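Me: Please take a close look at the ligand site of the structure below, and then connect it with other places in the chain. I am new to this structure, and a full explanation would be welcome.

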Amino acid sequence: MAKYWNEKVECMSREDMKKLQDEKLVKQVRHVWDNVPYYKKLMEEKGVTPDDIKSTDDLHKLPFLKKDDLRECYPYGLLGAPLKDCVRIQSTSGTTGKRVVAFYTQNDIDLWEDCCARAITAAGGTSEDVVQVAYGYGLFTGGAGIHGGSHKVGCLTLPMSSGNTERQIQFMRDLNATILCCTPSYAAYIGETLKEMGLTPNDINLKAGIFGAEPWTEEMRQEIEKSLGIKAYDIFGLTEISGPGVSFECSEQNGMHINEDHFIAEIINPETGEVLPEGSKGELVFTSLDKEAFPLLRYRTRDICVLSRAKCSCGRTLVRMTKPMGRSDDMLIIKGVNVFPSQIETVLLKDFNATPNYQIVVDRVGNTDTFEIKVELSDEMHTDTIKSVEMLEKKLSADIHQILGIRAKITLCEPKSIPRSEGKAVRVIDKRKVYNA
Ligand code: ADP
Ligand code: ZN
C-alpha cells in the first residue's frame, strides 16, 4: 500500500525543502508585484521591492494581508491571472456581508486536489477505496477539494454532499464506502443516526474518516471513532489559501503536516506582527508559493496554533501544526458557517435603529450546534403589543437567516435583563468547548 502520495516532496530533507521554497518565493513575489497592483502598493508602502526578497529568510520583510484586504478587494482586486485563464470560483461559507471569493486557474485546481490526494493517502486511501464525500458541494471548498483529491487517488467517489443522513447511511452500506469525508460535527451526527437506526459499526464498511473545516476536540475524535468504528483524521484549510488540504493528519494523529512545497507557514504575535520561533503559540500566517489566480502572500489566518519540526514517525518531514487552539478574532464557526458577531450587530442596528443590548449564545446539543440571539427590548422599540413583538422577532430571524444562511433562535427579553459589563461587553457565550484546552 502506498504510504505517501508524493514521497519526494512529503519526505524531502529540510535543506532541499528550503531551497525549493526559496526559489518559488522569489518567483512568486515577482508574479504578485507584476500582476496584483493592490499588493504592489502595500509593498511600496513598506519600501520593499522584489529585489529585496532573495530567499525565505527575507519573507518577514513582506507586508501582511488580512481578511479586511480581501473584502476591500472584492471581487477582482487580488486576482493574479487574467480572468480568461481562471476556471473556478469558490467562496467562504454562507455569508453575504463578509464574503470572500477565491479564483483558481486549472493549475491551481490541480495543485489543490493534489494536496487533498496526499491527505487521502495519509489516511490509508488507495484506488481500492470508496470515498463518500459528505461535505457540502457548491461554493464551499470542502466538497470540491476532497472530490478532486479522491479522483486523483483513483478512489471510487460518492459525491453525496451533506444532508439526508439516512440516505447517507444507506449508500454507505449498499456501496461499501470505506472512507467518509465531512465536517466532524456531521460525522458525529451520522454516528448518532446509525445508532438510532438500530445499526452498529459492524453493519458498515468504513475504516477511516477525514474531517475538518471546523474546530473539534480529541474527545470528539474518540466519540466519532467509536460510533463509526473508524480512525478519524483531521484536515485543515481555508478558502483564501485554496481550501481543505493545506495541512493534513498522518497515522500518528499528532498534528497536521503542512504542504510546505506550496505554502510557507509562519507563526506571529497577533498583537505586534513579530515572527515567533518554532514551538511558540501564535497566529498562523500562510504564503502561497504556486497559486496563480489568487496568490496571497503572508495571509493572516487568525487561527492560533503551534508549529513543530520534530521528527514524525510517519516519515514525512513536512512541518506540523497543532489543531487550531482558538482564534485571534471573534469569528465563530456555527453549523459550519463562519459567523462574525459584528454581522449580527449590523442586522440588529438595521432592524432596531439603535444599539441594542444583545448576547449570542452558542451551544451543542447532541452533535448539533444551537444558536440563540438574546435581544433586550427597550422602551423606544414600540413593542407594546404581543403582535409587534412577534413581528420584530420574525423580521430579525429572517434578516439573520439572509445574512448568515443559518437560522438563529431569537429571544426578546425584558429591558435591563442582559448583564452589563464594565469593560468589554460579553457578546458571545460559547458553551461548546470546540477547542482543546
Ligand atoms: P473552508 O471552506 O476550507 O472550511 P473557510 O475559509 O470557510 O474554509 O474557513 C476556514 C477556517 O475554518 C480556518 O481559518 C479555521 O478557522 C477553520 N478550520 C478549517 N479546518 C479546520 C480544522 N481542521 N480544525 C479547526 N478549524 C478549522
Ligand atoms: Zn506524520
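Reply: A residue is called buried when its relative accessible area is under 20%, exposed when that area is over 50%, and partly exposed in between. Pro82 has a relative accessibility of 44%, and therefore it counts as partly exposed. The model is a predicted one, and every value below is computed from it.

The ligand site comes first. Ligand 1 sits in the largest pocket. Around ligand 1 there are 20 residues, and the closest of them are Thr141, Asp234, Ile235, Thr239 and Asp303. Sorted by class, this shell contains eight nonpolar residues, seven polar residues and five charged residues. Strand β7, which covers residues 231-238, supplies the largest share of the shell, namely five residues.

Which atoms of the protein lie at short range from the oxygen and nitrogen atoms of ligand 1 can be described pair by pair. In the side chain of Thr141, an N or O atom is 2.8 Å from an oxygen atom of ligand 1. Thr239 offers a similar pair: an N or O atom in its side chain is 3.0 Å from an oxygen atom of ligand 1. With Ala213 the partner is in the backbone, where a polar atom is 3.1 Å from a nitrogen atom of ligand 1. Of the 550 Å² of accessible area that ligand 1 has on its own, the protein covers 97%.

Strand β7 leads on to Ser242. This residue is found in the loop between β7 and β8, the latter being residues 243-249. Ser242 has a relative accessibility of 0%, so it counts as buried. Its phi is near 150°, a positive value in a residue other than glycine. Arg302 also has a positive phi, of about 75°, although Arg302 is not a glycine. Arg302 is placed in strand β12, which runs over residues 299-308. Because its relative accessible area is 21%, just the 20% limit for buried residues is passed, and Arg302 is partly exposed.

A further backbone feature is the cis peptide bond that joins Tyr74 and Pro75, with an omega of about -10°. Pro75 is found in the loop between α4 and β1. Pro82, with which this reply began, is found in that loop too, between α4 (67-72) and β1 (86-91). The C-alpha atoms of Pro82 and Ala293 are separated by 7.8 Å, while the two residues are 211 residues apart along the chain.

Another pairing across the sequence involves Arg316. Its side chain makes a polar contact of 2.7 Å with the side chain of Glu10. Glu10 is found in helix α1, residues 7-10, and counts as buried because its relative accessibility is 0%. Met12 lies in the loop that follows, between α1 and α2 (14-35). At 12% relative accessibility, Met12 is under the 20% limit and therefore counts as buried. From C-alpha to C-alpha, Met12 and Arg316 are 7.8 Å apart in space, with their positions 304 residues apart in sequence. Arg316 thus appears in both descriptions, as the side-chain partner of Glu10 and as the residue paired with Met12 in the distance just given.

Two more residues complete the account. Thr200 is placed in the loop between α8 (184-196) and β6 (208-212). With a relative accessible area of 36%, Thr200 falls between the two limits and so is partly exposed. The C-alpha atoms of Thr200 and Glu72 are separated by 50 Å, and the residues are 128 apart along the chain. Gln359, in turn, is placed in strand β17, residues 358-365. Gln359 has a relative accessibility of 8% and therefore counts as buried. Between the C-alpha atoms of Gln359 and Ile344, which are 15 residues apart along the chain, the separation is 9.9 Å.

To return to the ligand site: ligand 1 sits in the largest pocket, and strand β7 gives the largest share of the shell around ligand 1.

Methods:
Residues numbered from 1 in each chain as written. Chains lettered and ligands numbered in written order. Predicted model: local features only at pLDDT ≥ 70, side-chain atom pairs only at ≥ 80, totals over all residues. Heavy atoms only, no water. Near = heavy atom within 4 Å. Polar contact = N/O pair within 3.5 Å; in protein donor to acceptor, adjacent residues only side chain to side chain. Areas by Shrake-Rupley, 256 points an atom, 1.4 Å probe, with all protein chains shown as cover. 1 Å grid on protein atoms, 1.4 Å probe; cavity = no way out; pocket = protein on both sides within 12 Å on 5 of 7 lines; lining within 4 Å. Sits in = over half its atoms within 2 Å of the grid points. Helix = DSSP H or I, 4+ residues; strand = E, 2+ residues; numbered from the N terminus. Nonpolar A, V, L, I, M, F, W, Y, C, P; charged D, E, K, R; others polar. Buried < 20%, exposed > 50% of the residue type's maximum accessible area, 1.4 Å probe, protein only.
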